[in-house]
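Visitor: I'd like a close look at one spot in this protein rather than the full tour. Could you pick a single residue, walk me through its surroundings, and then show me how it fits into the rest?

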Amino acid sequence: MSVMLMYSLICFWQVTAVLRNLADVSGAREIFMINKVVTSLVQLLKSFSSDQELVWNCSRILRYAIIKGHLKVFNFREHL
């Protein structure tokens with residue numbers, strides 16, 4: 001793995017960890033939807049689907065959004 005790719009992954013891990021922690025904060029889910037965070041997460045999952053840490057963080061963020069009912073009309077297929 002190249003050094004640049006490793007630095008990118010570390011950065012993505014940190015960003016998704018912060019988003020994961022914010023996902024359960026009141027009002028954060030609406031901000032995620034407005035700012036297309038979910039679309040960005042889907043793109044990350046497409047690019048780094050073999051990275052367990054990244055996939056775990058993204059899945060937890062998406063799970064919180066779905067449980068709270070904020071993704072009822074979100075069509076993941078449109079973003080794949």
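Guide: Let's go to Thr-16, which sits in helix α1, the stretch covering residues 3-22. Keep in mind that this is a predicted model. Is Thr-16 buried or exposed? Its relative accessibility is 1%, and the cut-off for buried is under 20%, so Thr-16 counts as buried.

What does the side chain of Thr-16 reach? It goes to the backbone oxygen of Phe-12, at 2.8 Å. Now look beyond the sequence neighbours within four places: Thr-16 is in contact with Leu-41, Leu-44, Leu-54, Asn-57, Cys-58 and Ile-61.

Pick Leu-41 from that list and turn the view around. With its own neighbours within four places set aside, Leu-41 touches Thr-16, Cys-58, Ile-61 and Leu-62. Cys-58 and Ile-61 appear among the contacts of Thr-16 and among those of Leu-41.

That leads us to the largest nonpolar core, a set of 10 residues: Leu-19, Ala-23, Phe-32, Val-37, Val-38, Leu-41, Cys-58, Ile-61, Leu-62 and Tyr-64. Helices α3 and α4 (52-67) each give at least two residues to this core, and α4 has the largest share, with four.

Since you work at the bench, you may be wondering about the cysteines. Cys-58 has 0% relative accessibility, so it counts as buried. Cys-11, by contrast, is partly exposed, with a relative accessible area of 39%. As for disulfides, the count is zero.

Now step back to the protein as a whole. It has four helices and zero strands, giving the pattern α-α-α-α along the sequence. Of its 80 residues, 31% count as buried. Among contacts between residues at least 6 apart in sequence, 69% join residues at least 24 apart. On the outside, the protein exposes about 5500 Å², with 60% of that supplied by carbon and sulfur atoms.

One last thing is how much confidence the predictor gives all this. The average pLDDT is 76, and 79% of the residues score at least 70. Helix α3 (residues 37-47) has the highest confidence, at a mean of 83, while helix α2 (residues 28-34) has the lowest, at 75. Where pLDDT is low, don't read the predicted coordinates in detail.

Terms used. Residues numbered from 1 in each chain as written. Heavy atoms only, no water. Buried < 20%, exposed > 50% of the residue type's maximum accessible area, 1.4 Å probe, protein only. Polar contact = N/O pair within 3.5 Å; in protein donor to acceptor, adjacent residues only side chain to side chain. Contact = heavy atoms within 4.5 Å. pLDDT = per-residue confidence, 0-100. Areas by Shrake-Rupley, 256 points an atom, 1.4 Å probe, with all protein chains shown as cover. Disulfide = S-S within 2.5 Å. Core = buried A, V, L, I, M, F, W, Y, C linked by side-chain atoms within 4.5 Å.
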